[in-house]
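Colleague: Please pick one part of this model and go through it closely. Then work outward, so that I can see how that part sits in the rest of the chain.

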Amino acid sequence: MMERSDFTTTMIVTIASAVVIVVGSFLPWASLGALSVSGTDGDGGLTLILGLMVGGAMALWWMHECEARWQLIASAIAGVLVVGITGYDMTEVQSLIDDTESLEAFGLEVSIGLGLVVTFLGGVGVVIATGHRLIAGID
């Protein structure tokens, strides 16, 4: 049987991770010299929606003060999708970095942006918190 503190810890970690996803979705996901690409210019729009969905599921869980399996499953799926999207995008940016070494001669450097890493970590947080709760069992 899970105690109320376990319920609250899972909710707090998941909501905090959802906030991290939302914030990271607006931050730069890649940069080329002084130019940067915001997450919302690409796949960050999807991660933003997924982060809001996680927050909504947790809000429903909190309002009803009872745990519903679907809220955790939906949040876990959203977290996995965020990790997948950001992981794919990191791979794509890294591939671009590997292909553009010749730009360094002109003082331009392609790099993975902070927002992409932050969003990825938020997704990992959602997966860990909801996955732990699902594995530990729901009363």
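Modeller: In this predicted model, strand 1 and strand 2 make a hairpin that leaves two residues between them. Gly33 sits in the turn, and its phi is positive, at about 60°. Strand 1 covers residues 28–32 and strand 2 covers residues 35–38; the two pair in the antiparallel sense, over four bridges. One bridge can be picked out by name: Pro28 has Ser38 in strand 2 as its partner.

Strand 1 also pairs with strand 3, which is made of residues 110–112. Here three bridges hold the pairing, and strand 1 and strand 3 again run antiparallel. Ala30 is the residue that stands opposite Ile112 of strand 3. Strand 1 is thus bridged to strand 2 and to strand 3.

Now the order along the chain. The pattern of the protein chain reads α-β-β-α-α-β-α, with a total of four helices and three strands. Among contacts with a separation of 6 or more, 72% join residues 24 or more positions apart.

On the helical side, helix 1 spans residues 4–26, and Thr10 belongs to it. Thr10 has a relative accessibility of 8%, and it counts as buried because the cut-off is under 20%. Beyond the residues up to four places away in sequence, Thr10 touches Trp61, Leu72, Ala129 and Arg133.

Leu48 is a residue of helix 2. With a relative accessible area of 16%, Leu48 is buried as well. Setting aside neighbours within four places in sequence, Leu48 is in contact with Val22, Ser25 and Phe26. The C-alpha atom of Leu48 lies 9.1 Å from that of Val82, although 34 residues separate the two along the chain.

Val82 is one of the buried residues of helix 3, and Leu72, the contact of Thr10, is another. Others in that set include Gln71, Ser75, Ala76, Gly79, Thr86, Asp89 and Val93. An α-helix has 3.6 residues a turn, so residues three or four places apart point the same way. Helix 3 itself runs over residues 69–99, 31 residues in number; the distance from its first C-alpha to its last is 45 Å, close to the 45 Å expected at 1.5 Å a residue.

The outside of the model has a nonpolar surface patch of about 480 Å², made by Leu60, Trp62, Met63 and Trp70. Helix 2, residues 44–64, gives the most to the patch, with three residues. Met63 is in helix 2 and is exposed, its relative accessible area being 54%; Leu48, in contrast, is a buried residue of that helix.

For the chain as a whole, 40% of the 139 residues count as buried. The exposed area of the protein chain is about 7,600 Å², of which carbon and sulfur atoms supply 70%.

Terms used
Residues are numbered from 1 along each chain as its sequence is written. This is a predicted model: local features need pLDDT of at least 70, side-chain atom pairs count only at pLDDT 80 or more; totals for chains, interfaces and linings use all residues. Side-chain values use heavy atoms; hydrogens and water are left out. Buried means under 20% relative accessible area, exposed over 50%, partly exposed in between (1.4 Å probe, protein chains only). Contact means heavy atoms within 4.5 Å. The expected span of a helix is 1.5 Å times one less than its number of residues. Two strands pair if DSSP finds at least two bridges between them. Patches are made of residues with over 30% relative accessible area and no salt bridge: like charges are joined within 9 Å, nonpolar side chains (Val, Leu, Ile, Met, Phe, Trp, Tyr) within 5 Å. Accessible areas come from the Shrake-Rupley method with a 1.4 Å probe; for residues, only the protein chains shown count as cover. A salt bridge is a side-chain nitrogen of Lys or Arg within 4 Å of a carboxyl oxygen of Asp or Glu.
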